[in-house]
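Open the model in your viewer and keep the selection tool at hand. Each stop below says what to select next and what is there.

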Amino acid sequence: MQTYLLSQQFNTRSLAENSTACPANATICNGTSCVLPEDNFNETLSIILSTVLTIMLALVMFSMGCNVELKKFWGHIKRPWGIFVGFLCQFGIMPLTAFLLSLAFNILPIQAVVVLIMGCCPGGTASNVIAYWVDGDMDLSISMTTCSTLFAMGMMPLCLFLYTKMWTDSDAIVLPYDSIGISLVALIIPVSFGIYVNHRWPSKAKIILKVGSIVGAVLIVLIAVVGGILYRGSWIISTKLWIIGTIFPAAGYSLGFFLARVAGLPWHRCRTVSLETGMQNTQLCSTIVQLSFSPEQLELMFTFPLIYSIFQLLFALLILTGYRVYRRHRVKTKTDVEKTEEKEDSKSTSSHAIINGGFVSNDTK
């Protein structure tokens, strides 16, 4: 009996020890206290993501440069009214709208910063494609995208400094201007090289442009997938960010069109300025955010560029659909009017022929 009790106590003690045993990968183990090696998986994945984002964004910007023709670009520089209006929209309307939306919805300071970064970003390459489908001014669209990318080097830090003072003065957040500045300056190299390639080898530049469009689409998907793995908390998205992400691009399209019209630009250029204003370079925004902020801050801000990207594309498709429907209806109506006028002309010609003894010219037969 005593031997049985001792055996039972030994088994119980053994189970207790196994239940509190340290994991096999523990470096120091003292009873129930263990020291585990630091898990560097997320840190390594973050470095890989930053590197891949930088390389892919450089390819996208290189392809954008391959879309620029120096002669046409220089023509708009010499007559800069359209570019000037676009500049006011890009770095006047958009940052101000971002600031007002951040105040109106009372979002966190770090979330207000990402909304402002999005508002200060230059136009995206997708705007050139949509401008083509709505019969916009392609030369102006490409020139505005290129100029806004160049101007962003100075205007983005300036706008961020002006509009984030209420948060930075209270030490709620510190903006990494050095990282943002380096990211923007680095864009000039691939864009300039792309312009040179298009000048020297235009046929190869067209191929690069197609590849760049594909890379841009892949980049958005990559940001969403890898960002979801790295910053799981970022997918618990505030309702306020969804609302801002919906209103912001719609406001950009509308206000850009309105300002262009007030400035006296023709309709096709108004459509172009509207698209350039509302369609931002979301890949650039994601890359700047990834390179400039800590993982804890990224949890709260990483998903906003993706939200904006979704809604700017949806509204662009609505604009495209609306324009196509309008154009089809207008062409149809115009054709009907022309046919009516032709019938009236033929009737008057026949009457004139009867009055003049039945003579009908060869042109009316």
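Which residues line the largest cavity? Keep in mind that this is a predicted model. Select Ile-83, Gly-86, Phe-87, Gln-90, Phe-91, Met-144, Cys-147, Ser-148 and Phe-151, and the lining of the largest cavity is on screen. Two elements, α4 (81–105) and α7 (138–163), each give two or more residues to this lining. The biggest share comes from α4, with five residues. By type, the lining of the largest cavity holds six nonpolar residues, three polar ones and no charged ones. The volume of this cavity is about 60 Å³.

**The second cavity**

The structure has two cavities of 30 Å³ or more, and the second largest encloses about 30 Å³. To find the second largest cavity, select Ile-220, Ile-223, Thr-282, Gln-283, Ser-286, Pro-305, Leu-306 and Ser-309, which line it. Colour α10 (202–230), α13 and α15 (304–355), the elements that give two or more residues to this lining. Here the lining divides into four nonpolar and four polar residues, again with no charged residue.

**A loop residue**

Now go to Asn-281, in the loop between α12 (267–278) and α13 (282–292). Is Asn-281 buried or exposed? Its relative accessibility is 4%, so Asn-281 counts as buried, the cut-off for buried being under 20%. Show the contacts of Asn-281 next, leaving out residues up to four places away in sequence: Leu-57, Met-61, Cys-121, Pro-122, Gly-123 and Gly-124.

**The nonpolar cores**

Which residues touch the most other members of the largest nonpolar core? Select Phe-248, Phe-293 and Phe-304: within this core of 70 residues, these three touch the most other members. Centre the view on Phe-293 and show its contacts, again without residues up to four places away in sequence. Phe-293 touches Ile-110, Val-113, Ile-117, Leu-175, Pro-176, Leu-298 and Met-301.

A second core, separate from this one, has nine residues. To locate the second core, select Ala-131, Leu-275, Ala-316 and Tyr-323, which are among its members. As background, nonpolar side chains in soluble globular proteins tend to be buried together.

For a last view, show Asn-281 with Cys-121, one of the residues that Asn-281 touches, then return to Phe-87 and Phe-151, which are among the residues lining the largest cavity.

Methods. Residues numbered from 1 in each chain as written. Predicted model: local features only at pLDDT ≥ 70, side-chain atom pairs only at ≥ 80, totals over all residues. Heavy atoms only, no water. Helix = DSSP H or I, 4+ residues; strand = E, 2+ residues; numbered from the N terminus. Buried < 20%, exposed > 50% of the residue type's maximum accessible area, 1.4 Å probe, protein only. Contact = heavy atoms within 4.5 Å. Core = buried A, V, L, I, M, F, W, Y, C linked by side-chain atoms within 4.5 Å. 1 Å grid on protein atoms, 1.4 Å probe; cavity = no way out; pocket = protein on both sides within 12 Å on 5 of 7 lines; lining within 4 Å. Points joined across faces, edges and corners; volume = space filled by probe spheres on them. Nonpolar A, V, L, I, M, F, W, Y, C, P; charged D, E, K, R; others polar.
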